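Biologist: Before we discuss anything, could you put the sequence and the structure where we can both look at them? I would then like to go through them slowly, one question at a time.

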Amino acid sequence: MGIYRDRFVPRLVNVACGMKANEPLRERVCAGLSGRVVELGFGSGLNVPFYSDATVSVSAVEPADLGWKLSAPRRAASRVPIERAGLDGQSLPFSDSSVDTALSTWTMCTIPDIEAALGEIRRVLVPGGTLHFVEHGLAPDPSVQRWQHRLDPLQQRIAGGCHLDRNIRALLETAGFGIRVLEVFRGRGPAFIDTQSLGVVVSP
């Protein structure tokens with residue numbers, strides 16, 4: 001599984017998350033970024049073309065060396081300075097209240113200890129700083145939820161630890177964030193994997 005995760009999963013994510021249908025969602029999520037930004041799950045840099053004009057710098061948290069390598073052309077074309085500044089969202093190498101904005105796109109599903117990662121985001125954000133996100137997760141329909149729970153172990157194995165059934169709103173509220181904007185909607189794919197949550201939450 002180590003070879004599969006290291007050599008195949010970053011390419012799978014680059015293709016699956018790089019679909020044209022995702023670009024309008026990336027554009028919406030990145031539009032409000034400002035100042036010093038930390039991006040969880042930077043991957044192959046698919047958000048880079050959508051960073052807002054108010055983005056001063058991006059600290060990229062990315063565990064996969066191959067993902068970072070795949071991002072090289074996008075980083076080279078970026079007008080925003082980008083540095084790889086961490087390998088693990090569960091333990092961020094930044095001081096308290098040192099980041100203005102955080103970004104996560106289809107990343108919360110995969111971090112093993114997502115509660116710890118959200119706690120770290122709260123720690124490093126300035127008071128009133130915002131986390132901008134789009135994530136797939138638990139569907140509102142109980143019948144779809146049952147399928148998500150059944151298929152989740154298989155999804156984790158084939159997609160590098162990705163979960164189908166995380167409750168994004170509950171995770172964010174439990175972590176202490178205030179909801180500013182949250183939209184839950186179905187994308188173009190099957191509801192069990194394409195129930196999306198897009199929004200902005202605020203660190204107290």
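**Questions about the fold**

Modeller: W106 counts as buried, because its relative accessibility is 11% and the cut-off for buried is under 20%. Please keep in mind as we go on that this is a predicted model.

Biologist: Where does W106 lie, and what is its phi?

Modeller: W106 is found in the loop between β4 and α5. Although W106 is not a glycine, its phi is positive, at about 50 degrees.

Biologist: In which loop is the place of S97, and is S97 buried, exposed or partly exposed?

Modeller: The place of S97 is in the loop between β3 (82-86) and β4, and S97 has a positive phi near 50 degrees while being a residue other than glycine. Its relative accessible area is 40%, and since partly exposed covers the range between 20% and 50%, S97 is partly exposed.

Biologist: How many helices and strands are there in the protein, and in what order do the elements run?

Modeller: The protein has seven helices and seven strands. Read from the N terminus on, its elements run α-α-β-β-α-α-β-β-α-β-α-α-β-β.

Biologist: Which radius of gyration does the protein have, and what would a compact globule have with 204 residues?

Modeller: The C-alpha trace spans about 45 × 35 × 30 Å along the principal axes of the protein. A compact globule with 204 residues would have a radius of gyration near 17 Å, and the protein agrees with this because its own value is 16 Å.

Biologist: What percentage of the contacts with a separation of 6 or more is accounted for by residues 24 or more positions apart?

Modeller: One example of two residues that are distant along the chain is L40 and T105, which are 65 residues apart, while their C-alpha atoms are separated by 7.8 Å. For the protein, residues 24 or more positions apart account for 69% of the contacts with a separation of 6 or more.

Biologist: Why do the buried residues of α5 lie on the same side of the helix?

Modeller: In helix α5 (residues 114-124) the buried residues are I114, A117, L118, E120, I121 and V124. They lie on the same side of α5 because they cover an arc of only 155 degrees around the axis. As a general point, an α-helix has 3.6 residues a turn, so residues three or four places apart point the same way.

Biologist: Against which elements do the buried residues of α5 pack?

Modeller: One contact that involves this helix is between I121 and L40, and L40 has its place in strand β1. Taken together, the buried residues of α5 pack against β1 (35-40), β4 (99-105), β5 (125-136) and α7 (168-174).

Biologist: Is L40 buried or exposed?

Modeller: Leaving aside neighbours within four places in sequence, L40 is in contact with several residues, among them V61, G89, L92 and L103. Its relative accessible area is 4%, and because buried means under 20%, L40 is buried.

Biologist: Where is H136 found, and which residues is H136 in contact with?

Modeller: H136 is found in strand β5, and it counts as buried because its relative accessibility is 7%. If neighbours within four places in sequence are left aside, H136 is in contact with W106, C109, C162, H163, L164, I168, I193, T195 and Q196.

Terms used:
Residues are numbered from 1 along each chain as its sequence is written. This is a predicted model: local features need pLDDT of at least 70, side-chain atom pairs count only at pLDDT 80 or more; totals for chains, interfaces and linings use all residues. Side-chain values use heavy atoms; hydrogens and water are left out. Buried means under 20% relative accessible area, exposed over 50%, partly exposed in between (1.4 Å probe, protein chains only). Helices (H or I, at least four residues) and strands (E, at least two) are DSSP runs, numbered from the N terminus. The arc is that of the directions from the helix axis to the C-beta atoms. Contact means heavy atoms within 4.5 Å. The radius of gyration is taken over C-alpha atoms; the globule rule is 2.2 Å times the number of residues to the power 0.38.
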